[in-house]
Amino acid sequence: MSTLHSTVRVLVVGCGNMGASHAIAYANTDGFEICGIVSTGKSKEVLNEKLGGGYPLFNDLTTALQETKPDAVCISTYPDTHEAFAIQSLESGCHVFIEKPLADTVEGAQRVVAASEKAGKKVVVGYILRHHPSWEKFVEVAQGLGRPLVMRMNLNQQSHGYMWTVHRNLMKSLSPIVDCGVHYIDVMCQMTRSKPVQVNAIGARLTEEIPAGNYNYGQLQIRFEDGSVGWYEAGWGPMMSETAFFVKDVIGPKGCVSIVAKNAGGAGKSDNVDAHTKTESLRVHYAQLDENDQFTQEDTWIDMQDEPDHQELCNREQRYFLKAIRENVDLTDHLQDAVNSLRIAFACDESVKTGQPVML
């Protein structure tokens, strides 16, 4: 696999929302070739047709690995299968692209990292926001606002129909603040590059349609060593409010930067995956005052109209995966960050369930 021009044969496991997007990315990216599609239900047939047909279809990973002998495996199944599927793929000599979270426990995530080191294979985790120019810019501007930072973020989804089915299935193994929160915790850690020291979280179970121990609304708070603080809120379900579903705001001594999603903020769009990554504009405010305590500088707008849609972000993630394989990119920090954000998210889960703060 070290040769620059050899095609990476990839096995697609999981054909839901993300799995289908990654499969389309492989089909459209020079350097990848899909060698098989795996799912337990009918979704593989739907995806096969969408891709033009003709791909080998499998009901289980073991058979697919034996019959296709892929170079890489893309895992977009529900989180409770991530660890087992990733380790099995690595032990079969495959590189792995895996949707976040890396596993459904911190220990599981560490086992995946260890298996990757042992196999000498790449593992890339689907932190989609790291490939988004507006989010990269958001992090960069936030880093220049001084310290400490105050980071305010949420993503509430008034889900119904297909998306409510997806959310109910996800909540069989994870809460919204763990599943979605890992993205935003990762962003906060990039912004501060300071050690998280404590978390507090609250949650509520607003429906009988999810397991007794879980909750479909949660809010977490993180304190960092440098005095920075951040909160993130996520709620899923038909009862959620769309009035304030999209807050992305960072404040520092020198001013603040906010993502303003005018179109994505439109009614009825909170469970639309494309709207979650849409940023449209960054508004930067400068805190500096003159001798009369008037602002010395107008707010500036950084327009992001040329930004990639959800599919293009998946394409970029897969180009990064290809680069990691071909150029032997060192992914130590990438995986450490993935384990770290998961550790923080699960500490928040523990705080919801115990009603106590958790020290990290």
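Where in the structure is the place of Lys69? The legends below begin there, and every view is taken from a predicted model.

**View 1. Lys69 sits in a loop between a helix and a strand.** Start by finding helix H3 (61-68) and strand E4 (72-75); the loop between them holds Lys69. Check the backbone here: phi of Lys69 is near 45°, a positive value in a residue other than glycine. That is worth a pause, because most residues other than glycine have a negative phi. Is Lys69 buried or exposed? Lys69 is exposed, since its relative accessible area is 61% and the cut-off for exposed is over 50%.

**View 2. Asn328 also has a positive phi, of about 50°.** Asn328 is not a glycine either. Look for this residue in the loop between helix H11 (310-326) and H12. With a relative accessible area of 57%, Asn328 is exposed.

**View 3. The peptide bond from Lys100 to Pro101 is cis.** Its omega is near -10°. To find Pro101, follow the chain out of strand E5 (95-98) and into the loop that comes before helix H5 (106-119). As background, most peptide bonds are trans.

**View 4. A cis peptide bond also joins Arg147 to Pro148.** Here omega is near 0°. Pro148 belongs to the loop between helix H6 (133-143) and strand E7 (150-155). Arg147 also turns up in View 5, as one of the residues that Thr192 touches.

**View 5. Thr192 is a buried residue of helix H9.** What does Thr192 touch, once residues up to four places away in sequence are set aside? The list is Arg147, Leu149, Met151, Phe224, Asp226 and Ser228. The relative accessibility of Thr192 is 5%, and buried means under 20%, so Thr192 counts as buried.

**View 6. Met153 is among the residues with the most contacts inside the largest nonpolar core.** This core has 86 residues, and Leu102, Met191, Tyr232 and Val250 join Met153 in that group with the most contacts. Helix H12 (residues 332-354) gives the most to the core, with 10 residues. Now zoom in on Met153: leaving aside neighbours within four places in sequence, this residue is in contact with a set that includes Phe138, Tyr184, Val187, Met188 and Met191. Other partners of Met153 include Trp231, Tyr232, Val247 and Val250, and Glu233 and Lys248 are in the list too. Apart from this core lies another one, of 23 residues, among them Val10, Leu51, Val124 and Leu331. As a general rule, in soluble globular proteins nonpolar side chains tend to be buried together.

**View 7. Two cysteines, Cys94 and Cys348, are in no disulfide.** How many disulfides does a search of the whole structure find? The search finds 0. For Cys94, the nearest cysteine sulfur is that of Cys35, 8.3 Å away. Cys94 is buried, with a relative accessible area of 1%. For Cys348, the nearest cysteine sulfur belongs to Cys189 and is 10 Å away. Cys348 is buried as well, with a relative accessible area of 0%.

**View 8. The largest pocket holds about 1,000 Å³ of space.** Its lining has 45 residues, and the closest to the pocket centre are Asn17, Met18, Ser76, Val166 and Leu170. Which helix gives the most to this lining? That is H7, with 7 residues. The elements that give two or more residues include helix H1 (17-27), helix H4 (82-91) and helix H7 (161-170). Helix H9 (181-192) and helix H10 (273-277) are also on that list.

**View 9. Ala114 and Asn17 are 28 Å apart in space, C-alpha to C-alpha.** Along the sequence, these two residues are 97 residues apart. Ala114 is part of helix H5, and with a relative accessible area of 41% this alanine is partly exposed.

**View 10. UniProt marks two spans of the chain as domains.** An unreviewed entry gives "domain: Gfo/Idh/MocA-like oxidoreductase N-terminal" for residues 8-127. The end C-alpha atoms of that span lie 21 Å apart, and the span is 42% helix and 22% strand. The record also places "domain: GFO/IDH/MocA-like oxidoreductase" (unreviewed entry) at residues 144-237. For residues 144-237, the end C-alpha atoms lie 37 Å apart, with 28% helix and 32% strand in the span.

Notes: Residues numbered from 1 in each chain as written. Predicted model: local features only at pLDDT ≥ 70, side-chain atom pairs only at ≥ 80, totals over all residues. Heavy atoms only, no water. Core = buried A, V, L, I, M, F, W, Y, C linked by side-chain atoms within 4.5 Å. Buried < 20%, exposed > 50% of the residue type's maximum accessible area, 1.4 Å probe, protein only. Helix = DSSP H or I, 4+ residues; strand = E, 2+ residues; numbered from the N terminus. Contact = heavy atoms within 4.5 Å. Disulfide = S-S within 2.5 Å. UniProt positions renumbered as here; feature names shortened; annotations may be inferred. 1 Å grid on protein atoms, 1.4 Å probe; cavity = no way out; pocket = protein on both sides within 12 Å on 5 of 7 lines; lining within 4 Å. Points joined across faces, edges and corners; volume = space filled by probe spheres on them.
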